[in-house]
Amino acid sequence: ALPIFLVLEGPTRRLIKLDVDPRKWSAGSSHTIEASLPVTSDITRGTYALSLWLPDAEPRLRNEPRYSIRFANYGVWRQISGTNRLIEGLVVR
């Protein structure tokens, strides 16, 4: 299965592995992913971004952004991290 993660990026970084199979997504379709994002006391207050990260399934290539899946949506791709930005300006107080 292809790994897929919800990524909270800001003063701290949190990865949440999702139980979703993106291989079942078809082109031109919208998909809804429901996930809980636990905000625990160790998360620093501040402004965050929420992204989806679909790295390569091969552990040796996982942290190489060139092998991450890039969405076709305009303006969501973050080349340095290999993530697809969904939300910016999420505030944790």
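Does L86 count as buried, partly exposed or exposed, and at what relative accessibility? In this predicted model, L86 has a relative accessibility of 46%, and because exposed means over 50% and buried under 20%, L86 counts as partly exposed. The residue is found in strand β5, which covers residues 83–92, and together with I87 and L90 it forms a nonpolar patch on the surface, the three having about 230 Å² of accessible area together.

**Confidence of the model**

The mean pLDDT of the protein chain is 90, and 100% of its residues reach 70 or more. Strand β2 (residues 13–17) is where confidence is lowest, at a mean of 91, whereas strand β4 (residues 77–78) is where confidence is highest, at 96.

**Nonpolar core**

The largest nonpolar core has 13 residues, and those with the most contacts inside this core are L6, L18 and L52. Two elements, β1 (5–9) and β3 (46–53), give two or more residues to this core, and the largest share, three residues, comes from β3. Around L18, leaving aside residues up to four places away in sequence, the residues touched are I4, F5, L6, I33, A35 and L52.

**Salt bridges**

The count of salt bridges comes to eight, and the table lists some of them with their N to O distances.

| Pair | Distance (N to O) |
|---|---|
| R14 and D42 | 3.0 Å |
| R23 and D21 | 2.9 Å |
| E64 and R66 | 3.0 Å |

In the pair of R14 and D42, whose side chains meet in a salt bridge, R14 lies in strand β2 and D42 in the loop between β2 and β3, so the pair ties together parts that are 28 residues apart in sequence. In the salt bridge of R23 and D21, R23 is exposed, with a relative accessible area of 52%, while D21 is partly exposed, with a relative accessible area of 22%. In the salt bridge of E64 and R66, E64 is partly exposed at a relative accessible area of 28%, whereas R66 counts as exposed at 65% relative accessibility. Salt bridges that share partners also join E9, R13, R78, R85 and E88 into one network.

**The loop between β3 and β4**

N63 has its place in the loop between β3 and β4, and with a relative accessible area of 66% this residue is exposed. The C-alpha atoms of N63 and R13 are separated by 15 Å, the two residues being 50 residues apart along the chain; R13 is also one of the members of the salt-bridge network named above.

Note on methods: Residues are numbered from 1 along each chain as its sequence is written. This is a predicted model: local features need pLDDT of at least 70, side-chain atom pairs count only at pLDDT 80 or more; totals for chains, interfaces and linings use all residues. Side-chain values use heavy atoms; hydrogens and water are left out. pLDDT is the predictor's confidence in each residue, from 0 to 100. Helices (H or I, at least four residues) and strands (E, at least two) are DSSP runs, numbered from the N terminus. A nonpolar core is a set of buried Ala, Val, Leu, Ile, Met, Phe, Trp, Tyr and Cys residues joined through side-chain atoms within 4.5 Å. Buried means under 20% relative accessible area, exposed over 50%, partly exposed in between (1.4 Å probe, protein chains only). Contact means heavy atoms within 4.5 Å. Patches are made of residues with over 30% relative accessible area and no salt bridge: like charges are joined within 9 Å, nonpolar side chains (Val, Leu, Ile, Met, Phe, Trp, Tyr) within 5 Å. Accessible areas come from the Shrake-Rupley method with a 1.4 Å probe; for residues, only the protein chains shown count as cover. A salt bridge is a side-chain nitrogen of Lys or Arg within 4 Å of a carboxyl oxygen of Asp or Glu.
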